[in-house]
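Work through the exercises below with the structure open. Each task is followed by a stepwise solution.

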Amino acid sequence: MKKLTKLVALLMVLVMAVAMLQGCKKDDKDEDKDVATTTTEAAVETETPVETATEEVPDTAVYDAIEDGAVLTVWESGGVDGEFIKEAATQFTEKYGVQVTYEEVGHTETVGKIILDGPAGVGADVYAAPHDKLGEVVANGLALENDIAGFAEKFSEVGIKAGTVDGKNYSYPLQFETYALFYNKDLVATPPTTWDEVIAFAETYNDTANNKFACMWEAGNAYYGFAFLSAAGPLFGAEGTDKNVVLTDTPEAVEAMKYYQTLRTKVYDVPAADTTYDAMMAAFTEGKAAMTLNGPWAIKDCVNAGLNFGIVPFPKLQNGATPLTFSGIRVLHVSAYTKYPNAAKAFAYFCTVDLAQTRYELTGGVPVLKDIEIADEYQAAIAAAGDNAVPMPSIPAMNAYWTVMGGIYTNIWNGNDVEAEMNAATTALKSQIE
Amino acid sequence: MNKAKKAGICSTLFMGLGQITVNKEYMKGIIFAVIEIVALLNFKFFTSGIRGLATLGRVTGYPVEEVAKSDHSIRLLIVGIMSSILLGIIVISYIFNILDAIHSGKKLDRGFSLPNFKRFMKDFWDKAFPYIMMAPALILVVFFVLMPIIFGIALAFTNYGFPNNLPQKNLVSWVGFGNISKIVKLPMWNNAFVGIFSWTVIWAVLATFTCFSGGLLVALLLNSKFVKYKKFWRTIFILPYSVPGLISLLVWSNMLNGQFGPINMTLKQFGIIDTYFGVLKTNIGWLSDPLTARITVILVNLWLGFPYFMALLTGIMTSISEEMYEAAEIDGATNIQKFRFITLPMVIIATTPLIIMSFSANFNNFGAIYFLTQGGPSGTYNPAVNAGATDILITWIYKLTIDKQMYNIAALMSLIIFIIIGGFSFYNFKNTKAFKDDEF
């Protein structure tokens, strides 16, 4: 009897050990199957391939260099952005015989994922990312340089500048976004062009007890906050690459922030922690807030709410200074770990240049490629607001800006002494940037 | 020279040699020899592993095109730890091999004969059966529990972090106690660490205490014979526990919005908050005022956490013998005395281990803080350390790793938490009655 118990125990342990080893074994077969199913899936989904750029023969040099037997994996968010990649993958496979697999990875998460997956050899060959991750991308060496001749001339300057570090372009820009002033046409007859006008409007409109505010935005968010600080100039120098220009140590910055502080009492008298995006969207779509600071991502929600609204550029600051708004560019990167760099580059080029019109029609994202016609009123307004936009600096020092300034804008908004806060900001930024 | 000495020396020279040449235990000797041969064949794995562990890589990944060929410090660290563990196992079997040779030699010296291999294996099998059965689990523990812990501890002594020490483009290197001295010496980090640490302890104590006493109070009420419809009340009270905490917390964070949240709006409608006539002149900054926000997180956590203790304590109270209360009544004890001397000691003894576990869980209660306030409001600490008034260590670690990629500082914090929680739990478990009776 005892022997039997031992035998059973031994058997169980063996089964466990085998199961453990099985788990460790890499399953190659499954992966192959994955590629096959995704491509067929993509093929079924698009019955009528959109004809694009057929008259204008693209630079064939990019496509001539594609390696034989190349297979690509692409990471992009789900939704319309993913639909576009599926569409592009089908067309690319049709034209150049390269199998492209699309995997859904949120575009803000791709960089964090490629850091681990790239060296392990399981990462994507091409991945989408917001351009401001570029500092991280270059610091970690995650992307190959975009060395395609004549690439930059095809795009608007802001798009190329956003993808460049030390004169080297690492990106293939897809679309553009920046924030602007959304206003309710039923409440605001003529949209304000300066913040003084907003303050004047607030004097008659605001009713704090009933949550009626002239203009609402996330007051402690360093993304919007920068536009107010920008009276002191662009962050990190004109090119956004000089880490020593932190702005906060100038008298202009103190001036600008003092003006920002007055907006608390005059326009939107709510502590920063309570100025949430949800509260803002609810008030704006209900018609309680006359204006908000928001970006193209909110257009759909506002349209769906049946709101009669318009979009104008960010109002001018005190003394008529033109604000600079942060802009974000969605880009594709070619992974530094790809086995087929030429095919990957060709696919990124295909998506951003050949299929730019298709992408705009499919996703509605404001394109960066020149000569694309924007039909939609709101998207055109965002594109126009882009005239005063600067790409969010993507140098590593930007990380310090986000960390430090979120707290600083909050503290200033909550009534702390501006000079003391700006001194604290300068010390903190400098200590982080070194 | 006697056989014990000879066999010992031979086995020191090469594993299994003593067994084969002196003691004539061929099978055993061959097994030992095979272990050494395998180890020697993989000599490079161990040397490069140890070297990688010591240097954390030498070839940088610059320019970008060269990245794939360069050293990845963090992978070197992991491989290094792995090879050290394997090397440790080999060293242990090497020592065992020498001891075994001497042991057998001594037996021969005294004139005993050695058991043959079959016999030896049978004895070994009988004696070591539990260990053999536990081996797979032990291997799992070593590689899936011990290794990550060692890895985490090792990170605390490197400079792995943004912006200059991220692999694979850059190398990570050992900095010894550099991170610790940074926390101790730099006032900015020092302030934040002391502040967040003490708040974490206060939070953990208060969160556990409020949930326990809240649960106890409700359980007592439910147990009282004056309460009607007990099942109905119990169902109502257990509800917060049955909704996923994440959802409740996100709802709470909207409800507690100082300007637009329904709670303050209701207070306003009742005239409690009114600029001129109200009891309160301004909105309550549930999430925007540092002190109020700290009270808020404790209250919301009470709402989330009391049902657990209520259910637990109701169960324990029903198991307390009715006779004790009857005897107490005969002795003339009041209700308060009955509670003080019968109910309370009984439930405390039964729940002490759970209270300790609840304390440890609250010490690391990420969700209750992060989903409610994201650690805010800011303004309590230096803006450079990325922490707010309600941040506890674990949420701070999360922000440092996810937002700032400061893995080294975060690893150091984890190490501190590990030491505190580990030490505290160990001490308490050892001194808890409910565990003392156990063999453990």
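**Exercise 1. Sort the residues of H4(B) by burial, and find what the buried ones pack against.**

Solution.
- Step 1. This is a predicted model. Buried means under 20% relative accessible area, and exposed means over 50%.
- Step 2. In H4(B), the residues B:Phe46, B:Gly49, B:Gly52 and B:Leu53 are buried.
- Step 3. Viewed down the axis of H4(B), the buried residues fall within an arc of 135°, so they line one face of the helix.
- Step 4. An α-helix has 3.6 residues a turn, so residues three or four places apart point the same way.
- Step 5. The face turned away from the buried side of H4(B) carries the exposed residues B:Lys44 and B:Ala54.
- Step 6. Helix H3 (26-41) and helix H5 (73-109) of chain B are what the buried residues of H4(B) pack against.

**Exercise 2. Check the span of helix H4 of chain B against the expected value.**

Solution.
- Step 1. Helix H4 of chain B covers residues 43-55, which is 13 residues.
- Step 2. At 1.5 Å a residue, helix H4 of chain B should span 18 Å.
- Step 3. The end C-alpha atoms of this helix are 18 Å apart, which agrees.
- Step 4. Look just after H4(B): B:Leu56 takes a positive phi of about 55°.

**Exercise 3. Which parts of chain A does the salt bridge between A:Asp147 and A:Lys345 tie together?**

Solution.
- Step 1. The closest N and O atoms of A:Asp147 and A:Lys345 are 3.2 Å apart. The cut-off for a salt bridge is within 4 Å.
- Step 2. A:Asp147 lies in the loop between helix H6 (134-140) and helix H7 (157-162) of chain A, and A:Lys345 in helix H13 (residues 341-354), so the pair ties together parts 198 residues apart in sequence.
- Step 3. A:Lys345 counts as buried because its relative accessibility is 13%.

**Exercise 4. Place the salt bridge between A:Lys185 and A:Glu377.**

Solution.
- Step 1. The side chains of A:Lys185 and A:Glu377 meet at 3.6 Å, N to O.
- Step 2. A:Lys185 is in the loop between strand S7 (180-184) and helix H8 (195-205) of chain A, while A:Glu377 is in helix H15 (residues 377-385) of chain A; the two are 192 residues apart.
- Step 3. A:Lys185 is partly exposed at 34% relative accessibility, and A:Glu377 is partly exposed at 46%.

**Exercise 5. How many residues apart are B:Arg119 and B:Asp123?**

Solution.
- Step 1. The side chains of B:Arg119 and B:Asp123 form a salt bridge (3.5 Å, N to O).
- Step 2. Both residues lie in helix H6 (residues 117-155) of chain B, 4 residues apart, about one turn of the helix.

Technical notes
Residues numbered from 1 in each chain as written. Chains lettered and ligands numbered in written order. Predicted model: local features only at pLDDT ≥ 70, side-chain atom pairs only at ≥ 80, totals over all residues. Heavy atoms only, no water. Expected span 1.5 Å × (residues − 1). Buried < 20%, exposed > 50% of the residue type's maximum accessible area, 1.4 Å probe, protein only. Arc of directions from axis to C-beta. Contact = heavy atoms within 4.5 Å.
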